Each structure stands twice: as C-alpha cells, then as structure tokens.
Amino acid sequence: MQDVDALRNALLAQVEAADLDGLERLRVSELGKKGRITLLMRDLAGLDAQARRERGSHLNRLKEQVASALEARRAALADAALDARLAGESIDVTLPVRPEPQGRIHPISQTIDEVVAIFGEMGFALAEGPDIEDDWTNFGALNIPPEHPARQEMDTFYLPGERDGRRLVLRTHTSPVQVRTMRSQRPPIRIIAPGRTYRSDYDATHSPMFHQVEGLVIDRVIDMGHLKGCLIAFLRAYFALDDLPVRFRPSYFPFTEPSAEVDIGCAREGGTLRIGAGRDWLEILGCGMVNPVVLENCGIDPGQWQGFAFGMGLERIAMLKYGIPDLRTFFESDLRWLRHYGFAALEQPSLVTGL
Ligand code: DAH
C-alpha cells in the first residue's frame, strides 16, 4: 500500500500548487478514463479476493481524497479571483448617471396635439381619411369639376391605376375627409381631420408633403356667426392671445358659399413678425358655409341641414407660433433642428393655452 500513500502525498501536493488549468489537467491525468488512479483500479481484477478488497478500499479512498481536494482547490481559486475583481473594481454610486439620448417631439406632432386639444374642448370629434384618394372624393364631390382651375392650382400628384373607374390622386387637401364623413355619418356632425396632404411644390413655404387640418360642422341651424365664433376662439387659444385681432375677408372656394379667408393681426418690423401686435394682417386659413351642392353630393338634404367648414396648413401655424422660418426644414430630419425646435415629452406646453 505504500505506493498508494506515496501517490496520495504527491497528488495532494500537486493539487495545492495548481492553478485552474492545472487542476483540470490533473483531473484528466489521474481520474479520467485513462487516468492513473482509474488504471490502478482496473488492475485490481488480477488480485485475489482478500488483496483486492484491501487495495480496493485504499484506492477508493485515494480517489475520493483527490477528487475532493481538486474541488476544494477549484472553489478556493474561484473565490480568490472574485475577491481580486471586487477589490480592483470600485463602483462610485455618487457619480452622475451617463446622459441617455432623449427623443424630441416633432413640432408638427406637437401642433396637431394642440389643435386637437382645443377643438376637442369645443366638442369636435377626430376624423381620418386615406392619403390616396380618388379624384371624385378629392375634387368632384367638393364641387371642383375636371375643368375647374382649382385642379390646376393644386399641382396634383396623379397615381397610376384607378378605383371604381376613378383616377387615384395623393389628396391635395384634407377636404375629402368632409366628403367621407358626410357619406358615412348622419348629421349633426362636428369633426376635425388633421393629416398629410400632397402637392407638387417646393420652396421656403411649400413642401410636396405637408399637413392640414380640416373642420366640418353640420346641423340644422348653423350660420356664419357660429363659424366666426368658433375660429376666433380657436385662433386666440392656439396663439395664447386673448385679444388677437381676427379678420374675415370674402373669398372663393368651390366647396363653400359664401367663403372667407381669415387673417390675424401682426406687426412686420425690421424683418421680424410679431403676432397680435401692430397694424398688418397675415392670412391664416380658408373657410365658409358648406355649399349646398356639396351637401347634396354627399347625400345630405340641404333643405334641412347646413353648416360650415374650414381648412388650414399646420406647418404654417406651427411656423408662426414657434418662429420656424423655412417649411422645408420640417422634413429634412436634421437632428440639430429637431433638438432646437422639438419638444421634450415631459416639458410640453399646456395643450390648450400654448407656451
Ligand atoms: N381645402 C382648402 C385648401 O386646401 C382649404 C379650405 C378652405 C378648406 C375652405 C375648407 C374650406 O374646408 O371651407 O386650400
């Protein structure tokens, strides 16, 4: 048995001196399938019963001692490595957090939220329509026949293909949502419809894709006074100026009769524009009493129902309120622009009173 004791002493000393890799090598060379201890145990087969029993129990103890020494050394090395890492790495919980990049709310989204909130308080519901319209819904139903000059003025994007025999267009205004709403709902109706619109136009105040908000009110007794009161209240709330001067000027739209354009008071001095002050006027939106022809086109009896409608450009009112000089920059996706003109999610101005 002396050979086994000598082997034990040698192995335990080697285990104590080994690093993690050395431990693994020892495990394989001693206890593995062809390891030294495994082979010694295999040799037991050649001994007589008595010798086999004695040497067998000796070898078994040796095997257990080596295995548990390997495991103890492995655990000690792992603990020491962890202690060393913890000692080397210190976390200073008083350091400021690393700044996380924060998104900004695009001024158009902000403006839509404000407009929806103001009209929402007045009892308007939200309506929507598709960006791709047929030319009847975008033009014909709104009393704009094919030869009408308004079709040329609108620089329409026509699309290939048709729907129910009608040509497809990218809607040139949000007014087709009026048509969709009147054809699908019974009056009384009170909706606003913000959304994307398209015209082939590109300069500092035009972009081929832009946004409008449309409004429509249909009831039994609705007159020009309601129209004026509603729009004056909206403009004063949106620009947060209780005494904002508002002027209605006669105008023409095929879908309203009579029609008006609305101006707000401003001052243009030394290249700056101040809203609500001075003696100048700035055109801001179009409106009018819904043309009876349009009501009829949409299946509503003009003998019983009447109403008003309005439409305005959202970029335009955003530019005026937030001092943004060029409309094209809304859609250039320049992050510096968005950081400057955008809104932080948690710092939004009050939706109804503005900044
Ligand atoms: N659709 C018109 C445009 O795009 C704006 C407009 C004017 C809408 C008068 C209306 C309205 O509903 O009554 O220029």
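# A walk through the strands and helices

Arg-163 stands opposite Arg-166 in S4, and this pair of residues is a convenient place to enter the structure, which is a predicted model. The two strands concerned are S3, residues 158–163, and S4, residues 166–170, and they run antiparallel to each other, joined by four bridges. They belong to an open sheet of three strands, in which the order is S2-S4-S3 and the pairing is antiparallel. Strand S2, residues 132–134, and strand S3 stand at the edges of this sheet, and because each has a single partner strand, one side of each is left without a neighbour in the sheet. On average, and with direction ignored, neighbouring strands here are turned by 35° against each other.

From this sheet it helps to step back to the division of the whole protein. The assignment gives a domain 1, covering residues 2–88, and a domain 2, made of residues 107–331 together with residues 338–347. Taken over C-alpha atoms, the centres of domain 1 and domain 2 are separated by 86 Å.

At the start of the numbering, helix H1, residues 2–17, meets helix H2, residues 20–31, with axes that come within 9 Å and cross at roughly 155°. Angles over 145 degrees count as roughly antiparallel, and H1 and H2 are therefore described as roughly antiparallel to each other. Their crossing is left-handed. On the side of H1 the contact is made by Leu-11, Gln-14 and Val-15, while H2 contributes Leu-23, Leu-26 and Glu-30. Sorted by class, the residues of this contact between H1 and H2 comprise four nonpolar, one polar and one charged.

A second helix pair offers another geometry to follow. Helix H5, residues 107–121, packs with helix H9, residues 224–238, at an angle of about 135°, and the axes of the two are 10 Å apart. That angle makes H5 oblique to H9. The crossing of H5 and H9 is right-handed. In H5, the residues Thr-111, Glu-114, Val-115, Ile-118 and Phe-119 take part, and they meet Cys-230, Phe-234, Ala-237 and Tyr-238 in H9. By class, this contact of H5 with H9 holds seven nonpolar residues, one polar residue and one charged residue.

The remaining strands can be taken in two groups. In the first, strand S7, residues 246–253, and strand S8, residues 256–269, run antiparallel and are joined by seven bridges. The connection from S7 to S8 is a hairpin that passes through two residues. Within this pair of strands, Arg-247 has Asp-263 in S8 as its bridge partner.

In the second group, strand S11, residues 306–313, can be followed through its pairings with S6 and S10. With strand S6, residues 209–219, S11 pairs in the antiparallel sense over eight bridges, and one of the residue pairs found here sets Val-213 against its bridge partner Met-312 in S11. With strand S10, residues 280–290, the pairing of S11 is likewise antiparallel and extends over four bridges, and here the bridge partner of Cys-287 in S11 is Phe-310. When following such strands by eye, it is useful to remember that in a regular strand the side chains alternate between the two faces of the sheet.

Notes
Residues numbered from 1 in each chain as written. Predicted model: local features only at pLDDT ≥ 70, side-chain atom pairs only at ≥ 80, totals over all residues. Heavy atoms only, no water. Pairing = 2+ DSSP bridges. Domains from an automatic or database assignment. Axes fitted to C-alpha atoms, helices over the stretch in contact; angles between N-to-C directions. Parallel < 35°, antiparallel > 145°, perpendicular 65-115°, else oblique. Left-handed = near helix turned anticlockwise from the far one by under 90°. Contact = heavy atoms within 4.5 Å. Nonpolar A, V, L, I, M, F, W, Y, C, P; charged D, E, K, R; others polar.
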